[in-house]
Amino acid sequence: VPNTSGIRTLDKYQDKAYETGDKKIEKANAVMTEQKDLQQAVRQVENYAGSATGAKGVQMVQSGLKWVFGNSDLDSLVKNMAQVQARNAEVMGLTQNVQMGELNSKLSGNEKIDEKALSGVMQQVLANSKAAELYVNGLNKFVEKRGDINGKIQQQKFENKWKEHYDQRIFQVDNIAASNAPENIKQDKIDQITGQMSPKEYDKYIKDRDVIHRLSKGAYQ
């Protein structure tokens with residue numbers, strides 16, 4: 001009997017993929033509401049660390065198997081960051097990503113954050129927050145272009161491509177480039193990141209960046 005209802009009939013594999021994609025997309029959009037709070041928390045940490053009264057509070061002490069900041073408010077801010085970062089990693093399929101794992105290990109107190117390294121850690125948090133925003137925007141556009149059914153069935157395809165080409169440094173450089181710093185300062189900061197790469201690593205970084213930027217616009221190819 002021909003299907004004249006206009007509703008596409010899915011086989012069991014497509015149906016499962018659709019349900020999985022639907023749930024993942026819903027979860028991805030939910031984390032978007034947390035990004036502005038996360039970015040504000042980074043500014044609070046940086047302001048505190050840069051203040052005269054914040055110097056001692058930035059120091060970390062060992063508490064059991066964890067490291068905690070000398071200031072309880074700062075410690076709470078950083079621990080909350082770790083929770084949001086974990087959700088961001090899950091949404092982007094990056095729970096096994098080395099860069100993301102190292103950052104969360106520091107934020108959760110599993111590793112000691114050197115006082116001088118705190119600013120760099122916060123910049124990594126901002127980079128991953130930017131990544132989450134671009135991922136969700138790209139995923140929504142990806143689904144919109146393909147339609148609700150096909151888009152959600154193919155959600156995993158988008159996620160896999162993002163995981164394959166994800167590099168935290170892409171978003172660090174994007175944030176620097178978008179800042180209000182003088183051009184020479186921005187270039188110096190970018191050079192500090194890219195200058196540590198070998199020629200082979202840099203070539204891969206450029207290719208990964210191109211793919212990530214296309215994905216962020218919903219363009220798979």
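Trainee: What covers the buried residues of α7?

Mentor: In this predicted model, the cover includes α1 (12-50), α3 (72-91), α5 (118-146), α6 (148-153), α8 (168-178) and α10 (199-215).

Trainee: And which residues of α7 are buried?

Mentor: Helix α7 spans residues 155-165, and its buried residues are Gln 155, Phe 158, Glu 159, Lys 161, Trp 162 and His 165. To earn that word, a residue has to fall under 20% relative accessible area.

Trainee: How do you know that they sit on the same side of α7?

Mentor: Look at the arc around the axis: they cover only 165°, which puts them on the same side of α7. The spacing pattern helps too: an α-helix has 3.6 residues a turn, so residues three or four places apart point the same way.

Trainee: Okay, on to packing. Why is α3 called oblique to α5?

Mentor: Start with the angle: α3 and α5 pack at about 40°, and their axes are 10 Å apart. Roughly parallel would need an angle under 35 degrees, and roughly perpendicular runs from 65 to 115. The angle fits neither class, so α3 is oblique to α5. The crossing of these two is left-handed.

Trainee: Which residues make that contact?

Mentor: From α3 you have Met 81, Gln 85, Asn 88 and Val 91, while α5 brings Met 122, Val 125, Asn 128, Ser 129, Ala 132 and Tyr 135. By class, the contact of α3 with α5 holds 6 nonpolar and 4 polar residues, with no charged ones.

Trainee: What makes α3 and α4 roughly antiparallel?

Mentor: Again, the angle. The axes of α3 and helix α4 (residues 98-107) cross at roughly 155° and come within 8 Å. The cut-off for roughly antiparallel is over 145 degrees, and α3 and α4 therefore get that label. Their crossing is left-handed.

Trainee: Which residues make the contact there?

Mentor: On the α3 side, Val 78, Lys 79, Met 81, Ala 82, Gln 85, Ala 86 and Ala 89; on the α4 side, Met 100, Leu 103, Asn 104 and Leu 107. Sorted by class, the contact of α3 with α4 has 8 nonpolar, 2 polar and 1 charged residues.

Trainee: One last residue. Why does Met 32 count as partly exposed?

Mentor: Met 32 lies in helix α1. Buried means under 20% and exposed means over 50%; Met 32 has 26% relative accessibility, so it counts as partly exposed.

Trainee: What does Met 32 touch, leaving out residues up to four places away in sequence?

Mentor: Ala 132, Glu 133, Val 136 and Asn 137.

Notes
Residues numbered from 1 in each chain as written. Predicted model: local features only at pLDDT ≥ 70, side-chain atom pairs only at ≥ 80, totals over all residues. Heavy atoms only, no water. Buried < 20%, exposed > 50% of the residue type's maximum accessible area, 1.4 Å probe, protein only. Helix = DSSP H or I, 4+ residues; strand = E, 2+ residues; numbered from the N terminus. Arc of directions from axis to C-beta. Contact = heavy atoms within 4.5 Å. Axes fitted to C-alpha atoms, helices over the stretch in contact; angles between N-to-C directions. Left-handed = near helix turned anticlockwise from the far one by under 90°. Nonpolar A, V, L, I, M, F, W, Y, C, P; charged D, E, K, R; others polar.
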